Amino acid sequence: MRYSFLRLIKEGLRGQSGWTPVWRSPEPKRSYDAVIVGGGGHGLAAAYYLAREHGVRRVALLERGWLGGGNTGRNTTVVRSNYFFPESARIYEFALRLYEELGRELNFNIMLSQRGMLMLAHSEHDLELMARSVNAMQVNGIDVELLDARQIRAEVPLLNFSADARYPIHGGFTQRRGGIARHDAVAWAYARGADALGVDLIQNCEVTGFRIEAGRAVGVLTSRGEIGAGAIGLAAAGHSGVLAAMAGFRLPIQSYALQAMVSEPIKPALHTVVLSTATGTYVSQSDKGEMVFGAGMDLYPSYAQRGNLPVGEAIVAGLVEIFPSFRRLKLMRQWAGIVDVCWDYSPIIGPAPVPGIFLNCGWGTGGFKAIPAGGWSLAHLLATGRHHEISAPFDLSRFAQGRLIDEAAGAGIAH
């Protein structure tokens, strides 16, 4: 079914009785050409691009819960490509460009709002370093621009520009093509597109192990039986390390809780995404009027999707310091996603130590903004068995060879 304005009118007149399920719920087959583990954005995107770009239609996507119910449904929805290193800039810019066409391509409104991404400098030293970063990003082809305090005040007058501000605003830089997209809409769009191309989206199917023959992974063991696979893709974010252990190898990642919160809804007041480098707090206003915000990770490894109170307190404190008028808002909800962080804060894309398994993990706090590129790269690996040039720098071998891509400050904060 193709969505359109005329279709909405037609269904409104007939009592909404003509809608069909957005995707099927098939029983798993005994084997597939490719099996993707993880029903979040990256896994769904990989399934879609595997079918569309490479013509591989005998594909199963396995999700232990429901589609988009993990990190994809628990993030703060920011999209941007303003990263420092050329390798990072290239893959995140590719993702942003795919996002810009995704709604039209998939005939689904992902609610992409390119309202801009503004990063604040709170000292002259911050501003000097930002100027250097802006120069590097522009050399990498990223559209960013440096702003002084006067320009920032004109764009976001609600910020704390008082003389006694704890974190005075000296300037910053913005990427005007950055912004936000609706997280669940992205997952649903890819799911609908993959299903239309014949991919089996299998929910409530937990992977419990791998079938290894002659040193090669040839299938997955699941709560719904064994499934044979010509190639296996792992796109399970914070639980990638758990799956790797099942297959007999260890990944250089650590999983942490990353908290987010929303306030009560108010009238439109914030027309861009704002990130404070000093407090680590970032905030945007949703289409429903809620202030959506978060900051740094909890400081210990965890799989608890809630976070701890001291970090939550620090997040709120950072928000009201840079936006004093938000002190009057009531907090509505709080949650956490589980992010998998690599030693160099860049992702792992490529073959696993066990032949037949391919990795897409370690995105840390950058997972949502990278969904289209991460899925596209994993699909290329599953179909061809080799890297595309855009994913090659993120191969697991970089840790043994010392080719680290140290994006510790890539998010503008210390994670």
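Here are a few short exercises on the model above, each with a worked solution.

This is a predicted model, so local features need pLDDT of at least 70 and side-chain atom pairs count only at pLDDT 80 or more, while totals for chains, interfaces and linings use all residues. Residues are numbered from 1 along each chain as its sequence is written, and side-chain values use heavy atoms, with hydrogens and water left out.

**Exercise 1. Work out where Gln 16 and Asn 204 sit and what their phi angles look like.**

Start with the background: most residues other than glycine have a negative phi. Now go to Gln 16, which isn't a glycine but still has a positive phi of about 60°. It's in the loop between helix 1 (5–13) and strand 1 (31–37); helices (H or I, at least four residues) and strands (E, at least two) are DSSP runs, numbered from the N terminus. Gln 16 is partly exposed, at 44% relative accessible area. The scale here calls a residue buried under 20%, exposed over 50% and partly exposed in between (1.4 Å probe, protein chains only).

Next, Asn 204: not a glycine either, with a positive phi of about 55°. Its loop runs between strand 8 (200–202) and strand 9 (207–213). With 55% relative accessibility, Asn 204 counts as exposed.

**Exercise 2. Compare the expected span of helix 2 with the distance between its end C-alpha atoms, then check its burial.**

Step one is the rule: the expected span is 1.5 Å times one less than the number of residues. Helix 2 (residues 41–54) has 14 residues, which should span 20 Å, and its end C-alpha atoms are 19 Å apart, so the two agree.

Step two is burial. Eleven of the 14 residues are buried, so helix 2 is largely enclosed by the rest of the structure. Among the buried ones are Gly 41, His 42, Tyr 48 and Tyr 49.

Step three, look past the end: just after helix 2, Gly 55 takes a positive phi of about 70°.

**Exercise 3. Find what Lys 330 touches outside its own stretch of sequence.**

First place it: Lys 330 lies in the loop between helix 8 (309–322) and strand 16 (331–342). It's exposed, at 61% relative accessibility. Then skip the neighbours within four places in sequence, and Lys 330 is in contact with Ser 263 and Glu 264, where contact means heavy atoms within 4.5 Å. For a distance check, Lys 330 and Val 262 are 68 residues apart in sequence and 8.9 Å apart in space, C-alpha to C-alpha.

**Exercise 4. Do the same for Glu 93.**

Glu 93 lies in helix 3 (residues 86–106). At 8% relative accessibility, Glu 93 counts as buried. Leaving out neighbours within four places in sequence, its contacts are Ser 81, Ile 142, Gln 175 and Arg 177.

**Exercise 5. How many disulfides does a search of the whole structure find?**

Zero turn up, with a disulfide taken as a pair of cysteine sulfur atoms within 2.5 Å. Take Cys 361: the closest cysteine sulfur to its own is in Cys 342, 6.0 Å off, which is too far for a bond. Cys 361 is buried, with a relative accessible area of 1%. Cys 205 is buried too, with a relative accessible area of 1%.
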